[in-house]
Amino acid sequence: MTTSSEPLIAFSPPWAAALADALRANEDYRRHAQTWEGTLAFVLAADAEATGRGVVLDLWHGDCRDARSVEAPDGGAALDVDYVIRGNAAAWERVLTGSLEPIFGLMSGKLKLVRGKLTGLTPYIKASKAIVQSAVDIGSQLPDDA
């Protein structure tokens with residue numbers, strides 16, 4: 001479900017809006033996220049000291065109520081959300097091309113869970129895969145300064 005011929009810049013406001021729309025249309029996400037309530041942030045930042053950029057998803061029982069692009073001070077640690085997943089440009093490039101699943105990225109150390117507990121995400125592995133597939137489907141590229 002590519003929305004245009006040009007890929008969207010990942011973590012930008014248009015990308016966040018396109019991701020929300022893609023999640024709302026994703027039947028796999030809806031089915032596997034029926035009990036998921038809360039907020040999830042993906043943050044692009046080199047490390048915990050860096051101010052990065054991110055997208056915050058408001059997830060509610062198989063719906064994406066909102067998605068917004070945010071500045072992420074302290075590598076996302078300052079965001080007031082339930083879960084924050086941070087990665088550098090190389091890790092997010094792999095996620096956004098579908099070659100790295102976020103849960104495996106967390107377990108292998110390529111991505112870092114900055115806020116929340118992995119045990120809270122494990123019931124939603126299939127929903128997480130659907131979120132990533134929606135991100136892959138909209139087509140995106142990392143910002144030039146990533």
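This report covers strand β2 and the sheet around it in a predicted model.

## The sheet

Five strands form an open sheet. Their order is β4-β3-β2-β5-β6, and the pairing is mixed. Strands β4 (63–72) and β6 (111–115) are the edges, each pairing on one side only. From one strand to the next, the twist averages 20°.

## Strand β2 and its burial

Strand β2 spans residues 37–44. Seven of its eight residues are buried, so the rest of the structure largely encloses this strand. The cut-off for buried is under 20% relative accessible area.

In the strand order, β2 sits between β3 and β5. As general background, side chains in a regular strand alternate between the two faces of the sheet.

## Pairing with β3

Strand β3 covers residues 52–60. It runs antiparallel to β2, and eight bridges join the two. Two pairs give the register. Glu37 of β2 stands opposite Trp60 in β3. Val43 stands opposite Gly54.

## Pairing with β5

Strand β5 covers residues 83–87. Here the pairing with β2 is parallel, with five bridges. Val43 has a bridge partner in this strand too: Arg86. Val43 is thus matched with Gly54 in β3 and with Arg86 in β5.

## A helix across the sheet

Helix α1 takes up residues 13–25. It lies across β3 and β4. Relative to β4, the helix runs at about 160°. One of the two strands it crosses, β4, is an edge strand; the other, β3, is joined to β2 by eight bridges.

Key:
Residues are numbered from 1 along each chain as its sequence is written. This is a predicted model: local features need pLDDT of at least 70, side-chain atom pairs count only at pLDDT 80 or more; totals for chains, interfaces and linings use all residues. Side-chain values use heavy atoms; hydrogens and water are left out. Buried means under 20% relative accessible area, exposed over 50%, partly exposed in between (1.4 Å probe, protein chains only). Helices (H or I, at least four residues) and strands (E, at least two) are DSSP runs, numbered from the N terminus. Two strands pair if DSSP finds at least two bridges between them. Axes are lines fitted to C-alpha atoms, for helices over the stretch in contact, and angles run from 0 to 180 degrees between N-to-C directions. Contact means heavy atoms within 4.5 Å.
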